[in-house]
Amino acid sequence: MNEAKTAKEKLVPFVLWGITAAVVVFFLWRWNLEPAVDVLPWQGYFFAAVSAFMLLYILFGAISATVYRPAPALNDEQLPGCTVIVPAYNEGKHVAETLFSLLESDYPAEKLQIIAINDGSKDDTMEWIRHAESASNGRITSLDLLKNGGKKNALYQGFHMAKFDIVVTVDSDSIVTKESLRNMVSAFNKPEIGGVAGNIRIKNLADGMIPRMMDVGFMFGFEIIRSAQSLIGYVMCTPGALSAYRKSIVMPFIDEWLHQTFLGAPAHIGEDRAIATMILQHGYKVTFQSNSVAATCIPFTYGRFCKMLLRWLRSDVRENLLMTGCFFRKFKLTPAYAAFAFHLSSLALGTVMPLISLVVFLEMLCQFSPAGLFHSLYYGAVLGIIGALIPAMIYAKRVSFLDAVWAPVYTIYSLFLLWWIPIYALFTARNSNWLTRELAPLPQKAGKYTNNCKQERLHN
């Protein structure tokens, strides 16, 4: 539930919308008076072309998502058995909150197995797992790994313990809605579906601007873009917070997944993208179920937020390369493959574009072109804001008009404070350090998805 907002908090979105409108109006006025190409000959055309491509992709995703429909829910008799794996590390009582949210699911109790795995935690995580296990009437089975082996290893152990073919994975800081398991399992309505991605939202919205900005981003990236990818069965990431797999499809390559390497180094991060990549490489489909929702915490401080993004982007570099190789090996002249190519091209462009932009920026810096530098930042920021208005409009319609303003705000925030992360990730993609596995600061307020939680511990 949302806490009552102060007058100051209520005023913030109005101020941000006013600034956004003023910037766009000023941009349109200046564009007529002094076109960018008069200041930046080839650079202007280059950035305009890239911006046009990304804007087209955002539009393509938004339009495609209007066609998407989740798979219909099955009744109790039609539902197969389901195993849920919850790996936990230094999660304390919050793993119990996750487990109780699963126990409250409307999934038939006799068809549900929950495996809670303590991955060598240094706190009282195992005690809370046992507490939930004792109240589960046999639905929860615990596994205490005395030595921390990482999330991949914990999931690997869980897959081997699973007694049902449909396996759902849930992060230990996530709260799963009552109907999510039923909806998730119902999506395996065709034998060629090997994985299903859940819909992830943020629960610690009251912890400042970072969670609020990312809630808009999650809605667009986790819901709109994956809805578009789901139409062709090529969802390229099954989020760790809530996803499901067909065990019989995963088990033949699970050892390869566990021992995956990149440039000779073990690949410990990005297990969610890696397993989706391997399912697609083996010729199966991965879809998205929008009505299977899990709310999770994200870091609310700049330092930890950067570490989370760095971990995500390093795995993106690796998996984008692997998916590109898969695309060329399995290339077909079909509409679905053309759409897949469009999605993959946007991901690849997002991987290398920050580096290219830095090179262009440094070139102008060497030429000491103050006007060029100013216009690069100016046009980049405003075109980014215009592109961000698309997810903002969708968020405004589905969630909140006022809070939708955080989409263009995030564009500016990224341009000035996060620009270095994709570049650093590209050059350090071989590094698989988790970066944020230790105990994190507790948020000061509970968000609207807390489900009786007083405080949330960040684990991302």
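How do helix 11 and helix 12 lie to each other, roughly parallel or roughly perpendicular? Keep that in mind while browsing the close-ups below, which all come from one predicted model.

**View 1. Helix 11 beside helix 12.** Helix 11 covers residues 271–281 and helix 12 covers residues 302–329. The two pack at an angle of about 5 degrees, so they are roughly parallel to each other. Their axes are 10 Å apart. On the helix 11 side, the contact is made by Arg 273, Ala 274, Thr 277, Leu 280 and Gln 281. Helix 12 answers with a list that includes Asp 316, Arg 318, Glu 319, Leu 322, Met 323 and Arg 329. Sorted by class, this contact has 5 nonpolar, 3 polar and 5 charged residues.

**View 2. The whole chain, before zooming in again.** Here's the backdrop for the other views: the chain has 16 helices and 10 strands. Of its 460 residues, 55% are buried. Take the contacts with a separation of 6 or more: 85% of them are between residues 24 or more positions apart.

**View 3. The open sheet of 8 strands.** Read across the sheet and the strand order is 3-2-1-4-7-6-10-5, with mixed pairing. The edges belong to strand 3 (140–145) and strand 5 (174–176), each of which pairs on one side only. From one strand to the next, the twist averages 30 degrees. Helix 4 packs on this sheet and touches strand 1, strand 2, strand 3, strand 4 and strand 5. The direction of helix 4 makes about 10 degrees with that of strand 5.

**View 4. Strand 2 and its partner, strand 1.** Strand 1 and strand 2 run in the parallel sense and pair over 7 bridges. One pair to look for is Pro 87, whose bridge partner in strand 2 is Ile 117. Strand 2 is largely enclosed by the rest of the structure, because 8 of its 8 residues are buried. Leu 112, Ile 114, Ala 116 and Asn 118 point one way, while Gln 113, Ile 115, Ile 117 and Asp 119 point the other way. That back-and-forth fits a general pattern: in a regular strand the side chains alternate between the two faces of the sheet.

**View 5. Strand 4 meets strand 7.** This pair runs in the antiparallel sense, with 5 bridges between strand 4 (residues 166–170) and strand 7 (residues 242–246). To find your bearings, look for Val 168, which stands opposite Ala 244 in strand 7.

**View 6. Strand 10 between two partners.** Strand 10 spans 285–296. On one side, strand 6 runs parallel to strand 10, and 8 bridges join them. Val 196 is a handy landmark here, with Thr 287 as its bridge partner in strand 10. Strand 5 also pairs with strand 10, but antiparallel and through 3 bridges. In that pairing, Ser 174 stands opposite Thr 296. With 10 of its 12 residues buried, strand 10 is largely enclosed by the rest of the structure. Helix 8 (residues 209–230) lies across strand 6 and strand 10, running at about 155 degrees to strand 6.

**View 7. Asn 90, tucked into a loop.** Look in the loop between strand 1 (82–88) and helix 4 to find Asn 90. Its relative accessible area is 3%, so Asn 90 is buried. The Asn 90 side chain reaches the backbone nitrogen of Lys 122 at 2.7 Å. Most residues other than glycine have a negative phi. Asn 90 breaks that habit with a positive phi of about 50 degrees, although it is not a glycine.

**View 8. Leu 263, out in the open.** Leu 263 also has a positive phi, about 55 degrees, without being a glycine. Its place is the loop between strand 8 (261–262) and strand 9 (265–266). Is Leu 263 buried or exposed? With a relative accessible area of 62%, Leu 263 is exposed.

**View 9. Ser 105 and its contacts.** Ser 105 sits in the loop between helix 4 (94–103) and strand 2 (112–119). At a relative accessible area of 10%, Ser 105 is buried. A polar atom of the Ser 105 side chain lies 3.1 Å from the backbone nitrogen of Tyr 107. Leaving aside neighbours within four places in sequence, Ser 105 is in contact with Lys 178 and Leu 181.

Methods. Residues numbered from 1 in each chain as written. Predicted model: local features only at pLDDT ≥ 70, side-chain atom pairs only at ≥ 80, totals over all residues. Heavy atoms only, no water. Axes fitted to C-alpha atoms, helices over the stretch in contact; angles between N-to-C directions. Helix = DSSP H or I, 4+ residues; strand = E, 2+ residues; numbered from the N terminus. Parallel < 35°, antiparallel > 145°, perpendicular 65-115°, else oblique. Contact = heavy atoms within 4.5 Å. Nonpolar A, V, L, I, M, F, W, Y, C, P; charged D, E, K, R; others polar. Buried < 20%, exposed > 50% of the residue type's maximum accessible area, 1.4 Å probe, protein only. Polar contact = N/O pair within 3.5 Å; in protein donor to acceptor, adjacent residues only side chain to side chain. Pairing = 2+ DSSP bridges.
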